[in-house]
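Please report on the interior of this model: its cavities, its nonpolar cores and one residue examined at closer range. Keep it brief.

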Amino acid sequence: MSNFNSLAVSELEALQTELKEKYEEYKSQNLNLDMSRGKPCTEQLDLSLEMLDTVTSNSNLKTADGVDTRNYGGLEGIPEAKEFFANILEVNPKNVIIGGNSSLTMMHDTVSRAMFHGVYGSEVPWIKFPTVKFLCPSPGYDRHFAICELFNIEMIVVDMLEDGPDMDQVEKLVGEDETIKGMWCVPKYSNPDGITYSNEVVERLANMKTKARDFRLFWDNAYAIHHLTDTPDELKNIFTACEEAGNPDRVIIFSSTSKVTFPGSGVAMMAASENNLDFFRKQMFVQTIGPDKINQLRHVRFFKNTDNLKAHMEKHASIIKPKFDRVLQLLSEELGDKGIASWKKPNGGYFISLNTLEGCAKKTVQLAGEAGVKLTGAGATYPYGKDPKDRNIRLAPTFPSLEELSKAIEIFCLCVQIVSVEKLLAEK
């Protein structure tokens with residue numbers, strides 16, 4: 001079909017009638033299809049079942065240095081886990097703390113501690129400032145934004161470009177305002193755009209001049225090993241870049257195995273400079289007597305080495321890549337060349353980001369929901385849930401079956417067309 005923008009009013013009206021008839025047919029089927037969050041499917045979870053057999057009642061439950069994982073202690077995690085997961089974070093094991101099952105928890109706690117105690121190099125706790133601000137490259141991750149809202153941190157939207165956040169905006173903002181204390185980053189296969197920061201962006205983030213001496217990059221490298229192709233994106237090492245720039249304390253890196261093994265029973269990790277970690281340890285000592293060391297031991301014994309981890313992630317890709325391919329195929333068939341939507345083709349990660357015509361995202365998500373397709377709420381990819389152009393929608397292909405996914409995307413594309421026609425008719 002022609003570009004919708006070139007259609008006459010009579011053609012748009014006829015198309016509108018046809019599309020609504022199809023929509024009512026789908027609606028009558030009483031479907032219940034969930035594409036709202038980036039959850040692994042059952043087949044992906046099954047890949048790690050043997051991990052449950054690596055630690056049993058007959059197992060040696062001591063670490064390589066003789067620590068009994070059943071007991072108290074081990075604030076930073078067991079040595080084997082620190083060494084193994086340091087490879088994912090591309091840092092020295094001495095710069096790693098292994099936590100519980102959630103990197104989101106570690107990010108939340110790091111922000112909380114900074115508010116009440118500052119970070120290494122702070123003159124006063126952040127909460128002493130009348131306003132604390134974070135830069136939020138958007139579209140971005142709604143859970144990051146929720147943390148800021150919880151602590152009443154003002155969020156400043158920074159545009160995402162093809163190679164990462166708009167660094168001209170970033171450098172200007174951090175150079176002028178000492179109340180800008182942090183910046184959220186999902187640097188590889190970003191949520192939701194699937195963008196990987198370029199070498200230049202990483203270098204500029206490491207080297208930029210900040211008005212706040214205690215500014216921190218919250219580097220959420222959640223999808224570091226979640227590739228969908230044989231030629232994965234390469235991400236420059238931010239930890240090394242900050243050291244070389246003379247700003248070794250600038251970055252705090254987070255990641256986890258939540259989408260590698262079991263989301264409810266994964267292993268979270270954090271990496272930072274020795275100064276930062278020394279500062280954190282004193283507070284963590286009061287907060288906890290240590291993470292789940294048995295689970296850490298289970299993960300290390302399951303993977304054994306990075307080659308096995310790579311093979312494991314290739315199995316994940318073999319399950320979810322056909323789903324991504326199917327979504328991209330249907331988007332192209334149903335929306336391509338119609339001038340009403342654009343989308344990213346990611347090389348990894350868990351999402352596909354689509355932009356509708358301005359002012360159409362919320363209505364599209366609403367219509368899809370009424371037809372039985374649950375999507376991430378429109379606006380969720382922006383601070384405060386407010387997409388200034390009301391156009392971005394995050395699609396999460398991993399959880400549904402291929403058959404369910406196909407039907408969900410067909411309905412979604414139909415909703416995009418219906419709402420777009422309504423907008424174009426209103427403008428004629």
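The lining of the second largest cavity has six nonpolar residues, five polar residues and no charged ones. This is a predicted model. The cavity itself, second largest in the structure, has a volume of about 50 Å³. Its lining consists of Gln-44, Ile-225, His-226, His-227, Leu-228, Met-313, His-316, Ala-317, Ile-320, Gly-349 and Tyr-350. Which helix gives the most to this lining? Helix H11, spanning residues 306-335, does, with four residues.

The search covered the whole structure and found three cavities of 30 Å³ or more. The largest has a volume of about 100 Å³. Its lining counts 13 residues. Nearest the centre of the largest cavity lie Pro-137, Gly-140, Trp-184, Cys-185 and Val-186. Two elements, helix H5 (142-150) and strand E6 (180-185), each supply at least two residues of this lining. By class, the lining of the largest cavity divides into nine nonpolar, four polar and no charged residues.

The table sets out the two cavities.

| Cavity | Volume | Lining by class |
|---|---|---|
| Largest | about 100 Å³ | nine nonpolar, four polar, no charged residues |
| Second largest | about 50 Å³ | six nonpolar, five polar, no charged residues |

Next, the cores. The largest nonpolar core holds 54 residues. Which of its members touch the most others? They are Val-170, Tyr-197, Leu-205, Leu-217, Trp-219, Ile-238 and Ile-253. Helix H3, residues 79-89, gives the most to this core, with six residues. A second core of 53 residues is separate from it. Among the members of this second core are Phe-4, Leu-328, Ile-411 and Leu-425. In soluble globular proteins, nonpolar side chains tend to be buried together.

One residue deserves a closer look. Leu-335 is found in helix H11. Is Leu-335 buried or exposed? Its relative accessible area is 1%, and the cut-off for burial is under 20%, so Leu-335 counts as buried. Beyond its neighbours within four places in sequence, Leu-335 is in contact with Leu-330, Ile-340, Ala-341, Trp-343, Leu-354, Cys-413, Val-416 and Gln-417. How far is Leu-335 from Thr-257? The two are 78 residues apart in sequence. In space, they are 35 Å apart, C-alpha to C-alpha.

Helix H11 thus links two topics of this report. The helix gives four residues to the lining of the second largest cavity, and Leu-335 is found in it.

Methods: Residues are numbered from 1 along each chain as its sequence is written. This is a predicted model: local features need pLDDT of at least 70, side-chain atom pairs count only at pLDDT 80 or more; totals for chains, interfaces and linings use all residues. Side-chain values use heavy atoms; hydrogens and water are left out. A nonpolar core is a set of buried Ala, Val, Leu, Ile, Met, Phe, Trp, Tyr and Cys residues joined through side-chain atoms within 4.5 Å. Buried means under 20% relative accessible area, exposed over 50%, partly exposed in between (1.4 Å probe, protein chains only). On a 1 Å grid over the protein atoms alone, a cavity is a set of points where a 1.4 Å probe fits but cannot get out, and a pocket is an open set with protein on both sides within 12 Å along at least five of seven lines; lining residues have an atom within 4 Å of a point. Grid points are joined across faces, edges and corners, and a volume is the space filled by probe spheres set on the points. Ala, Val, Leu, Ile, Met, Phe, Trp, Tyr, Cys and Pro count as nonpolar, Asp, Glu, Lys and Arg as charged, and the others, Gly among them, as polar. Contact means heavy atoms within 4.5 Å.
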